Amino acid sequence: MVAGKTILITGGAGFIGSRLAVDLATRHRVRVFDNFLAQVHSDPACTRIALARAGVEVITGDLRDPAAIAAAVADTRPDVILHLAAETGTGQSFRQPTHYAQVNVIGTALLAEAVRRHAPGLQRLVLASTRAVYGEGAFIDDSGMRARAMPRRAGDMAHGHFRVQGRDGQPLVPVPTDADCPVAPASIYAATKLMQEHLLRQAFWGSATQVGILRLQNVYGPGQSLDNPYTGVLSIFCRQIHEGQTLSIYEDGQITRDFVMVDDVVRAFAMMVEAPAMPQEILDIGSGQGITLLEVARRLLGCLGAPRDRLQVTGAFRPGDIRHAVADISRAAALLGWTPRIPLDAGLLALAHWSGRQMRPPAAMASA
Ligand SMILES: NC(=O)c1ccc[n+]([C@@H]2O[C@H](COP(=O)([O-])OP(=O)(O)OC[C@H]3O[C@@H](n4cnc5c(N)ncnc54)[C@H](O)[C@@H]3O)[C@@H](O)[C@H]2O)c1
């Protein structure tokens, strides 16, 4: 697909969306649709200025408002829609299931209806989905065979038993997860994200609109809200380190995550827009490397010049937290030609420097 497309990004003022919009605006006409959710946007004016400077047009509206999303689609007449608008807090979703369903599920249905009515010529629609749809993900048993991981039980975890087990209680070993792994959402957030995938695939089945799905691992980097307590563990750690707090590490510290730098994720979306043929299969987007939360916390403390032992492994646990996450990114490499480029340590340094600038008091920033 050549340059010069008209692109509508829902959630385009958010962490990933705003960086994506600025990048795509160098080659395409880009509009974003976003309600500037207060939980995410502590300084919406700053985001608006950055988007305007990049030539990105902003439509302020709520995905749950049928007239607003219909007008955005009708006025923009996009060639491509990138659907990123969502409520994203795993823990918060347990307390607000109706709200999460309204934004993530009904909002996506309204977007699909708006496209069918007002943009029948839409060529591509790409969804920002999540590895959370897998729940615990892919595992093997001690004979090396794939084995189904059972959801972990609060009663076991309360006794310090955090490991993932098979159906008969046998210990399992995690392996990189790809879309061949059965889905088993372990939170309401994850359930609503899976429903987004199903809705969009069914809504455009047999139509000229191609649907692409990227299942993202933990995205981190400059620009992720330092104030939103519900997402972005590394941003939360950054704030806590700057404030001199001791980091609380859940479970036994051995929770594993696959952290992928936001610029690599932006490149994956851009490739979905610009590839001559967009992959129709679900693609997993991550670094392909797992790291324990204990280790990544130590490295981040180091990046910010804090003692690497200013942390505490608490044994606490949360509903919806899965134990291990590592992406099998071979399909993204084979079908999209995408591989991550930014090593974790370089990404952590970039995050640390950016967060330092954000946390500095205004007077210090003015004289900097
Ligand atoms: N960041 C990650 O680690 C990660 C991982 C997996 C998947 N994802 C997915 O990627 C997408 C973007 O995530 P992000 O990290 O940039 O989150 P974000 O919260 O920074 O961005 C989401 C944007 O959606 C907007 N939004 C929320 N509700 C809206 C509504 N009702 N109407 C219009 N706009 C609304 C918010 O204002 C925000 O700007 C989400 O769909 C998320 O599920 C993110």
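# Exercises on a predicted model

Strand E1 is mostly covered, with five of its five residues buried. The exercises below concern a predicted model.

## Exercise 1. The environment of strand E1

Determine which residues of E1 point one way and which point the other way, and identify the strands that pair with E1.

*Solution.*

Step 1. Begin with the side chains. Thr 6, Leu 8 and Thr 10 point one way from E1, while Ile 7 and Ile 9 point the other way. The residues on both sides are buried, that is, under 20% relative accessible area.

Step 2. Turn to the pairing with E2. E1 and E2 run parallel and are joined by five bridges. Within this pairing, Val 30 of E2 is the bridge partner of Ile 7, and Val 32 of E2 stands opposite Ile 9.

Step 3. Turn to the pairing with E4. Four bridges connect E1 and E4, again in the parallel sense. Here Ile 81 of E4 stands opposite Leu 8.

## Exercise 2. Strand order in the parallel sheet

Establish the order of the strands in the open sheet that contains E1, and state which strands lie at its edges.

*Solution.*

Step 1. The sheet is open and consists of seven strands in the order E3-E2-E1-E4-E5-E9-E14, with parallel pairing.

Step 2. The edge strands are E3 (57–60) and E14 (283–285), each of which pairs on one side only.

Step 3. From one strand to the next, the twist averages 20 degrees.

Step 4. Examine E5 and E9 as a further pair. Strand E5 (residues 124–130) and strand E9 (residues 210–216) are parallel and share seven bridges. Leu 127 has Ile 213 in E9 as its bridge partner.

## Exercise 3. Connections and packing around E2

Trace the chain from E1 through E2 to E3, and give the handedness of each β-α-β unit.

*Solution.*

Step 1. E1, helix H1 (residues 15–24) and E2 make a β-α-β unit that is right-handed.

Step 2. E2 and E3 are parallel and pair over four bridges. In this pair, Asp 34 has Thr 60 of E3 as its bridge partner.

Step 3. Between E2 and E3 the chain passes through helix H2 (residues 44–53), and this β-α-β crossover is also right-handed.

Step 4. Consider burial. Five of the six residues of E2 are buried, so E2 is largely enclosed by the rest of the structure.

Step 5. Add the helix on the sheet. Helix H3 (residues 66–76) packs on the sheet and touches E1 (6–10), E2 (29–34), E3 and E4 (80–83). The direction of H3 makes about 175 degrees with that of E2.

## Exercise 4. The three-stranded sheet

Why is one side of each of E7 and E8 left without a neighbour in the sheet?

*Solution.*

Step 1. The strands of this open sheet follow the order E7-E6-E8, and their pairing is antiparallel.

Step 2. Strand E7 (146–147) and strand E8 (173–174) stand at the edges with a single partner strand each, and therefore one side of each has no neighbour in the sheet.

Step 3. Strand E6 (residues 139–140) and E8 run antiparallel and are joined by two bridges. Pro 174 in E8 is the bridge partner of Phe 139.

## Exercise 5. Positive phi outside glycine

For Phe 36 and Glu 251, give the phi angle, and decide whether each is buried or exposed.

*Solution.*

Step 1. Phe 36, although not a glycine, has a positive phi of about 50 degrees. Phe 36 belongs to the loop between E2 and H2.

Step 2. Apply the cut-off for burial, under 20% relative accessible area. Phe 36 has 9% relative accessibility and therefore counts as buried.

Step 3. Glu 251 is likewise not a glycine, and its phi is positive at about 55 degrees. The loop between strand E11 (247–249) and strand E12 (256–257) contains Glu 251.

Step 4. At 1% relative accessibility, Glu 251 counts as buried.

## Exercise 6. Helix H9

How far does H9 reach from its first C-alpha to its last, and how many of its residues are buried?

*Solution.*

Step 1. Helix H9 (residues 262–274) has 13 residues and spans 18 Å from its first C-alpha to its last, close to the 18 Å expected at 1.5 Å a residue.

Step 2. H9 is mostly covered, with 10 of its 13 residues buried. Among them are Val 262, Asp 264, Arg 267, Phe 269 and Met 272.

Notes: Residues numbered from 1 in each chain as written. Predicted model: local features only at pLDDT ≥ 70, side-chain atom pairs only at ≥ 80, totals over all residues. Heavy atoms only, no water. Pairing = 2+ DSSP bridges. Axes fitted to C-alpha atoms, helices over the stretch in contact; angles between N-to-C directions. Contact = heavy atoms within 4.5 Å. Expected span 1.5 Å × (residues − 1). Buried < 20%, exposed > 50% of the residue type's maximum accessible area, 1.4 Å probe, protein only. Right-handed = clockwise from strand over helix to strand, strands pointing away.
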